[in-house]
Amino acid sequence: MGERARAVIDVGAGYGELTAWALKQRSVERVCAFDPKAERWSVFRENMELNGFAQDARLSAECDFFPGPSSAWVSSLPEPVLVKIDVDGGEMKLLQDLRGVLQRKKFDLLIETHSEELDLGCRTLLEECGYQVRIIPQAWWRRWIPERRPVGFNRWLCADHLR
């Protein structure tokens, strides 16, 4: 999935683990990282520095992600684009805002959902936009080391555009 990406959008970048991985890929020409939690940016920048990406011209990092009418920059990214969305409940709104771009552009998506309703809504919207959606099974080791975050529902989806 991601190894063929030419651009990566990391929404909910956290400390930059996926961003650093993306910048290590030779095929990736552009990486856009977004996270609204200001307390994470110092660790994010430190991680980019430790990995040699602090001055990488391919990287743009912002505090927040506002698609909708200002999403023209998304349309300009080289395809295929890997998009990771980890926004703790706002995933459906984000996909709705990107719906037009999702239908026109070749995206590979990795999405964390946080309720059964959001999970179903995301899967339905993506399928309507021409994506094949798969549920990523929980790691085998979760049988012995359970998820400790205080969330009632947590699942990852993978979606590939069918064209």
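**View 1. Thr19, a buried residue of helix α1**. Thr19 has a relative accessible area of 0%, so Thr19 is buried (under 20%; exposed is over 50%, partly exposed in between; 1.4 Å probe, protein chains only). Its place is in helix α1. Helices (H or I, at least four residues) and strands (E, at least two) are DSSP runs, numbered from the N terminus. Leaving aside neighbours within four places in sequence, Thr19 is in contact with Asp10, Ala13, Val31, Ala33, Phe44, Met48 and Leu59. Contact means heavy atoms within 4.5 Å.

The model is predicted: local features need pLDDT of at least 70, side-chain atom pairs count only at pLDDT 80 or more, and totals for chains, interfaces and linings use all residues. Residues are numbered from 1 along each chain as its sequence is written, and side-chain values use heavy atoms, with hydrogens and water left out.

**View 2. The buried side of helix α2**. Helix α2 spans residues 41-50, and its buried residues are Trp41, Phe44 and Met48. They lie on the same side of α2 because they cover an arc of only 55° around the axis. The arc is that of the directions from the helix axis to the C-beta atoms. An α-helix has 3.6 residues a turn, so residues three or four places apart point the same way. The buried residues of α2 pack against α1 (17-24), β2 (30-34) and β3 (59-62). Glu49 and Leu50 are exposed on the other side of α2. Gly52 follows α2, with a positive phi near 80°.

**View 3. The aromatic pair of Trp41 and Phe44**. The structure holds 2 aromatic pairs. In this one, the ring centres of Trp41 and Phe44 are 4.8 Å apart and the planes are at 65°, so the pair is edge-to-face. Rings of Phe, Tyr and Trp (its six-membered ring) pair if their centres lie within 6.5 Å; planes under 30 degrees apart count as stacked, over 60 as edge-to-face and the rest as tilted. Both residues lie in helix α2, 3 residues apart, about one turn of the helix. Trp41 and Phe44 are both buried.

**View 4. The aromatic pair of Trp140 and Trp144**. The rings of Trp140 and Trp144 also pair edge-to-face, at 6.0 Å centre to centre and 70° between the planes. Trp140 is exposed, with a relative accessible area of 58%. Trp144 is exposed too, at 59%.

**View 5. Salt bridges of Asp35 and Asp56**. The structure holds 12 salt bridges (a side-chain nitrogen of Lys or Arg within 4 Å of a carboxyl oxygen of Asp or Glu). Asp35 and Arg40 meet in one of them, at 3.1 Å, N to O. Asp35 is buried at 1% relative accessibility, while Arg40 is partly exposed at 23%. Asp56 bridges to Arg58, with the closest N and O atoms 2.8 Å apart. Asp56 is buried, with a relative accessible area of 18%.

**View 6. A salt bridge between strand β7 and helix α6**. The side chains of Arg155 and Asp119 meet at 3.1 Å, N to O. This pair links distant parts of the chain: Arg155 is in strand β7 and Asp119 in helix α6 (residues 116-128), 36 residues apart. Arg155 is partly exposed, at 25% relative accessible area. Asp119 is buried, at 0% relative accessibility. Elsewhere, Arg4, Asp108, Arg134 and Asp160 are joined into one network by salt bridges that share partners.
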